[in-house]
Amino acid sequence: MKKALSLASALLASVSLTAFAGSADKSIVKSPPASPYQQVSKLVPLPDFLPGMGQLFVDPATLPAGPFLAYDHDKKLVSTIYMVPLKDINPDNSFDNLSAPGGNVDHVDVYYNAGHPGVGEPHAHIVMWHIPADKESRVAK
């Protein structure tokens, strides 16, 4: 797992900083986002709201990696999440110019996930937060 996390860190370091800047796509700043995004809990057996992440939407054509759009209880976009299978984090792949449709990114978290409905294999969550760290409690429960 330590190797996977260091690979995820390298992945994050390779992401173009231009992905972190820009204005938000107005069609997604409030839930539900415009088509082609669909509510993840209607696609796979997951709760409507995941503590720590929020209510998730994804364009099914982009699975398994995403981007997933995460909303708080007030239906406001809080983060853009990528779920990259660990098998894809290797020297033969690069993940350049990951988009952040929610606009400016305040900070980024990267962590390991062993798998869950929708992305069953081990993967890295790359969470681009559009809100300050002290506001993450909006999706805590």
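## The aromatic pair

F57 has a relative accessibility of 4% and therefore counts as buried, the cut-off for that class being under 20%. The model in which F57 is described here is a predicted one. Y71 likewise counts as buried, because its relative accessibility is 0%.

The structure holds 1 aromatic pair. The centres of the F57 and Y71 rings are 5.5 Å apart and their planes stand at 90°, so the pair is edge-to-face. Distant parts of the chain are linked in this way: F57 belongs to strand 2 and Y71 to strand 3, with their positions 14 residues apart in the sense that they lie 14 residues apart.

## Strand 2 and its partners

Strand 2 covers residues 55–58, and its side chains point in two directions. Q55 and F57 point one way, while L56 and V58 point the other way. Buried or exposed, how do Q55, L56, F57 and V58 rank? All of them are buried.

Strand 2 is paired with strand 1 (residues 38–39) in an antiparallel arrangement, through 2 bridges. Within this pairing, Q38 has V58 of strand 2 as its bridge partner. Strand 2 also pairs with strand 3 (residues 68–71), again in the antiparallel sense, over 4 bridges. Here the bridge partner of F57 in strand 3 is L69.

## The sheet as a whole

The strands form an open sheet of 6 strands in the order 1-2-3-4-6-5, with antiparallel pairing. Strand 1 and strand 5 (107–113) occupy the edges; each has a single partner strand, so one side of each is left without a neighbour in the sheet.

At the strand 5 edge, the pairing with strand 6 is antiparallel and comprises 7 bridges. D109 stands opposite V127 of strand 6.

## Nonpolar cores

Which residues have the most contacts inside the largest nonpolar core? They are L56, I81 and M83, in a core of 17 residues. Strand 2, strand 3, strand 4 (77–85) and strand 6 (123–129) are the elements that give two or more residues to this core. The largest share, 3 residues, comes from strand 4.

The surroundings of L56 can be listed. Apart from neighbours within four places in sequence, L56 is in contact with Q38, Q39, V40, D48, L50, L69, A70, I81 and M83. Another core, of 11 residues, lies apart from the largest one and includes Y82, L86, V105 and M128.

## Overall composition

The secondary structure of the protein amounts to 2 helices and 6 strands. Starting at the N terminus, the elements follow the order α-β-α-β-β-β-β-β.

Of the 141 residues in the protein, 44% are buried. Where contacts join residues at least 6 apart in sequence, 58% of them join residues at least 24 apart. The exposed area of the protein is about 7200 Å², and carbon and sulfur atoms supply 57% of that area.

Technical notes. Residues are numbered from 1 along each chain as its sequence is written. This is a predicted model: local features need pLDDT of at least 70, side-chain atom pairs count only at pLDDT 80 or more; totals for chains, interfaces and linings use all residues. Side-chain values use heavy atoms; hydrogens and water are left out. Buried means under 20% relative accessible area, exposed over 50%, partly exposed in between (1.4 Å probe, protein chains only). Two strands pair if DSSP finds at least two bridges between them. Rings of Phe, Tyr and Trp (its six-membered ring) pair if their centres lie within 6.5 Å; planes under 30 degrees apart count as stacked, over 60 as edge-to-face and the rest as tilted. A nonpolar core is a set of buried Ala, Val, Leu, Ile, Met, Phe, Trp, Tyr and Cys residues joined through side-chain atoms within 4.5 Å. Contact means heavy atoms within 4.5 Å. Accessible areas come from the Shrake-Rupley method with a 1.4 Å probe; for residues, only the protein chains shown count as cover.
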